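Student: Hi! I have a new model open and would like to walk through it with you. Can we start?

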Amino acid sequence: MLASTATFEARIAGANLFKLQIVRENKRTIGAYSTHVAGLTLAAAGLTEEAARKEGFEVIVGRASGPDRHPAKFPDTSMVTVKLIFSRDRGAILGAQIAGGKSVGEMINILALAIQKRLTASELYTMQIATHPLLTASPIGYQILKAAEDALAKLRT
């Protein structure tokens, strides 16, 4: 019922129908969305912590919050909060939820791809990013990396 999910599935079906050379096949839809309500952007992809536990996963949760511009005094700066859910056994990302400003809409797309590719907390933590003061969080405070770092610390205990 989401346009983003429908177009994803249609791209795979169309490529298969016309025998285009697409390496990826659709193994399942992970579910990803974003919305903007009353000045707050909310987004999620993959499993929630509760759903992951119900499916039998032992999970580790990484969290991070911070401004989406650096320094935070810039106009239109919003606080962004990221929650990442990883499997304890392999450290693979299972799901993500984000709340904050408009940048959240694109951040969830990064995390949806990470879930599709089964990236680990270590791979997310070491992900190379592009930052700019007017466009993104600080490279040392980028919320996806910080949430992955938080999860890594818990995976080691």
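Student: In what order do the elements of the protein chain run from the N terminus on?

Tutor: Happy to help. This is a predicted model, and from the N terminus its elements run α-β-β-α-β-β-β-α-α-α. That comes to 5 helices and 5 strands.

Student: And how much of the chain counts as buried?

Tutor: Of the 157 residues, 38% count as buried. The accessible surface is about 9,500 Å², with 58% of that belonging to carbon and sulfur atoms.

Student: Let's look at the strands. Which sense do β2 and β5 pair in, parallel or antiparallel?

Tutor: Antiparallel, over 6 bridges. One of the bridge partners to look for is I98 in β5, which is matched with A43.

Student: What about β4 and β5?

Tutor: Those two pair in the antiparallel sense over 6 bridges, and L84 has A96 of β5 as its bridge partner. β4 and β5 also form a hairpin, with 5 residues between them. In that turn, G91 has a positive phi of about 80 degrees.

Student: How many residues of β5 are buried?

Tutor: 7 of its 8 residues, so the strand is mostly covered.

Student: I clicked on T41. Where is that, and is it buried or exposed?

Tutor: T41 sits in strand β2. T41 is buried because its relative accessible area is 5%, and the cut-off for buried is under 20%.

Student: What does the side chain of T41 have a polar atom close to, and at what distance?

Tutor: The backbone oxygen of G101 lies 3.3 Å from a polar atom of that side chain. Leaving aside neighbours within four places in sequence, T41 also has contacts that include T35, H36, I98, V104 and G105.

Student: V104 brings me to α3. How far does that helix reach?

Tutor: Helix α3 covers residues 104–116, and its 13 residues reach 18 Å from first C-alpha to last, close to the 18 Å expected at 1.5 Å a residue.

Student: Which residues of α3 are buried?

Tutor: The buried ones are V104, G105, M107, I108, L111, A112, A114 and I115. Seen down the axis of α3, they fall within an arc of 165 degrees, so they line one face of the helix.

Student: What does that buried set pack against?

Tutor: The buried residues of α3 pack against β1, β2, β4, β5, α4 and α5. Following α3 you will find R118, with a positive phi near 55 degrees.

Student: Which residues other than glycine have a positive phi in the loops?

Tutor: A38 is one of them, with phi near 50 degrees, and its place is in the loop between β1 and β2. D76 is another, at about 65 degrees, in the loop between β3 and β4.

Student: Are those two buried or exposed?

Tutor: A38 counts as exposed because its relative accessibility is 84%. D76 counts as exposed too, at 69%.

Student: Back to the loop with D76. Where is the cis peptide bond?

Tutor: The cis peptide bond joins H70 and P71, with omega about 0 degrees. P71 lies in the loop between β3 and β4.

Student: Last one: what is L134 in contact with, leaving aside its neighbours within four places in sequence?

Tutor: L134 is in contact with R69 and F74. The C-alpha atoms of L134 and F74 are separated by 7.4 Å, though the two residues are 60 apart along the chain. L134 itself lies in the loop between α4 and α5.

How values were computed. Residues numbered from 1 in each chain as written. Predicted model: local features only at pLDDT ≥ 70, side-chain atom pairs only at ≥ 80, totals over all residues. Heavy atoms only, no water. Helix = DSSP H or I, 4+ residues; strand = E, 2+ residues; numbered from the N terminus. Buried < 20%, exposed > 50% of the residue type's maximum accessible area, 1.4 Å probe, protein only. Areas by Shrake-Rupley, 256 points an atom, 1.4 Å probe, with all protein chains shown as cover. Contact = heavy atoms within 4.5 Å. Expected span 1.5 Å × (residues − 1). Arc of directions from axis to C-beta. Polar contact = N/O pair within 3.5 Å; in protein donor to acceptor, adjacent residues only side chain to side chain. Pairing = 2+ DSSP bridges.
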